[in-house]
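Please examine the model shown here together with its sequence. The explanation after it is meant to be read alongside both.

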Amino acid sequence: MAITKRQAADLAKQTFDYAPAPEAIDHVRIQPRYGLFIGGKMVEPHSKKRFPTINPATEQKLSEVAEADAIDVGKAVSAAGTAFTSWSRMAPSRRARYLFRISRLIQERARELAVVETMDGGKPIKESRDVDIPLSAAHFFYYAGWADKLEWAFPNRRPRPLGVAGQVIPWNFPLLMLAWKIAPALAAGNTVVLKPAETTPLSALLFAEICQQAELPAGVVNIITGAGKTGSLLVSHPGVKKVAFTGSTEVGKLIQRSLAGSGKRLTLELGGKAANIVFEDAPLDQAVEGIVNGIYFNQGHVCCAGSRLLVQESIAKPLLEKLKQRLSTLRLGDPLDKNTDIGAINSKAQLEKIQALVESGIEEGAEIYQPECKLPERGYWFPPTIFTNVSQSYRIAREEIFGPVLSVLTFRTPAEAVEKANNTPYGLSAGVWTDKGSRILWMAERMRAGVVWANTFNRFDPTSPFGGYKESGYGREGGVHGLLPYLELV
Ligand code: NAD
Ligand code: MN
């Protein structure tokens, strides 16, 4: 039976109570302590040191992981070096089989991986379940397909692997970043030593088990845990021929400086401050969903997040009204609850960084909006936030906040939109919302961003290259492009 307009309006105002829908965690076994995965085995760290990893939603300790020192790093690189001899000479179709197997095992253990990813990092279970884990499996599946077709990928060239790759990844997409790094490296015939971030090491340690289950030859994948010191020991180890880093621009610059003249190959995937641009002819309701997905997905801990909303002046008012209304329906809380939209901030340090930048926005004169939202007592949380009245010179318009905070700016003409969008030291991604195909192409041509999404945002596919311009780094991951950093073309 149809309802009247009035009834529909009343319904829209009503807030619904949701019964808790927690994901079960009884099938997950997290060990109280972990060693290092070197040469196919879990070994005790030479350092004898361990540090805790916690659940940022509860502040409870989940496990203790090893802190690798110089000797541990040396052992891992040497295990990878030994394994390289046979792995690089193995028939490519056999290498492919291992990668297919790994992809299959990620799918089989998807529920467990999703729960661990959510507990260790704070992201909503619906994201780890529907995005992180399936995409990780898809990356291995995709690159498995390339392993025996490298000569078709680069016709008339002879692609050769480089050797040991040293890979350092961040905490925002722990297993997915591991997949982005390990899958192309192995497909191309390299071996790896990978260091996950210190706040989210657990899914990488589960991945070590998956390597064992897949009977991957010992030493092809080595996982070492630790903080920045361990990362710097790894990238500077002379046995490492190729370095792949994803993380902050600051550390990326440090690594680039320290590798200068070493002859090591380097790719960097760093920060961003993407413009999400909405024109007056855009479908506004769709755009609102895209804006929300662009900046509140994974609590805004996304390097390509649409953290600057550029909206055409003529529609700024209705768009912001719709956006604020939509924000009030987002549910913040227990990341393990299937209805949760916004989970916990990854760490105390990250929460403090977000708080400081938000303070600066208020001090510089921007207007803050936060929907009514009760934050849990334990854990690290930040409500979804919108800043209006933002000038391009404000820190919240220039610096990467890496949290659920959107800065709104307006523009009048497409040329002004391009100028504002490009007015940033970064260049990782951008979004355009408009009804006109010609305008999408016009904008995409002029924006200095590695990825430009049109009428969508934060869409990923293993076949599509991803990477930045300017201070967002260089090199591409994904697609055929993603194989190149791991090959020498003779
Ligand atoms: P970070 O760059 O310090 O850490 C990323 C990884 O690098 C971690 O594994 C870390 O242990 C390692 N690392 C740290 N110092 C190192 C060094 N000198 N040599 C080698 N490896 C090193 O990032 P963070 O401190 O965790 O986050 C700070 C800011 O970085 C965030 O607020 C955000 O703005 C940005 N960030 C960006 C991304 C991204 O995907 N581009 C990811 C995480 C953080
Ligand atoms: Mn943790």
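The paragraphs below go from a long helix to the strands and then to the ligand.

This is a predicted model, in which local features need pLDDT of at least 70 and side-chain atom pairs count only at pLDDT 80 or more, while totals for chains, interfaces and linings use all residues. Residues are numbered from 1 along each chain as its sequence is written, and chains are lettered from A and ligands numbered from 1 in the order in which they are written.

Helices (H or I, at least four residues) and strands (E, at least two) are DSSP runs, numbered from the N terminus. Helix 3 (residues 92-108) has 17 residues, which at 1.5 Å a residue should span 24 Å, and its end C-alpha atoms are indeed 24 Å apart; the expected span is 1.5 Å times one less than the number of residues. A residue is called buried if 20 or more other C-beta atoms, placed from the backbone, lie within 10 Å of its own. In helix 3 this holds for R95, A96, Y98, L99, I102, S103, L105 and I106. Their cover includes helix 4 (110-121), helix 5 (125-146), helix 7 (174-187) and helix 8 (202-213).

Strand 9 (residues 242-246) has 5 of its 5 residues buried. K242, A244 and T246 lie on one side, with V243 and F245 on the other, so that both faces are covered. Two strands pair if DSSP finds at least two bridges between them. Strand 6 (residues 164-168) runs parallel to strand 9 and is joined to it by 4 bridges, with G166 partnered by V243. Strand 10 (residues 265-269) also pairs with strand 9 in the parallel sense, over 5 bridges, and here A244 has T267 as its bridge partner.

An open sheet of 7 strands follows the order 13-14-15-12-11-16-17, with mixed pairing. Strand 13 (367-369) and strand 17 (451-454) are its edges, each pairing on one side only. Within this sheet, strand 11 (residues 275-278) and strand 16 (residues 429-433) run parallel, joined by 4 bridges; V278 stands opposite W433.

Ligand 1 is surrounded by 27 residues, the closest being G228, G231, G247, S248 and C303; a residue counts as near if its C-beta atom, placed from the backbone, lies within 6 Å. Helix 9 (228-236), helix 10 (249-259) and helix 13 (348-364) each give two or more residues to this shell, and helix 9 provides the largest share, 4 residues.

Definitions and conventions
A residue is buried if 20 or more other C-beta atoms lie within 10 Å of its own, exposed if 12 or fewer, and partly exposed in between; C-beta atoms are placed from the backbone. Two residues are in contact if their C-beta atoms, placed from the backbone, lie within 7 Å.
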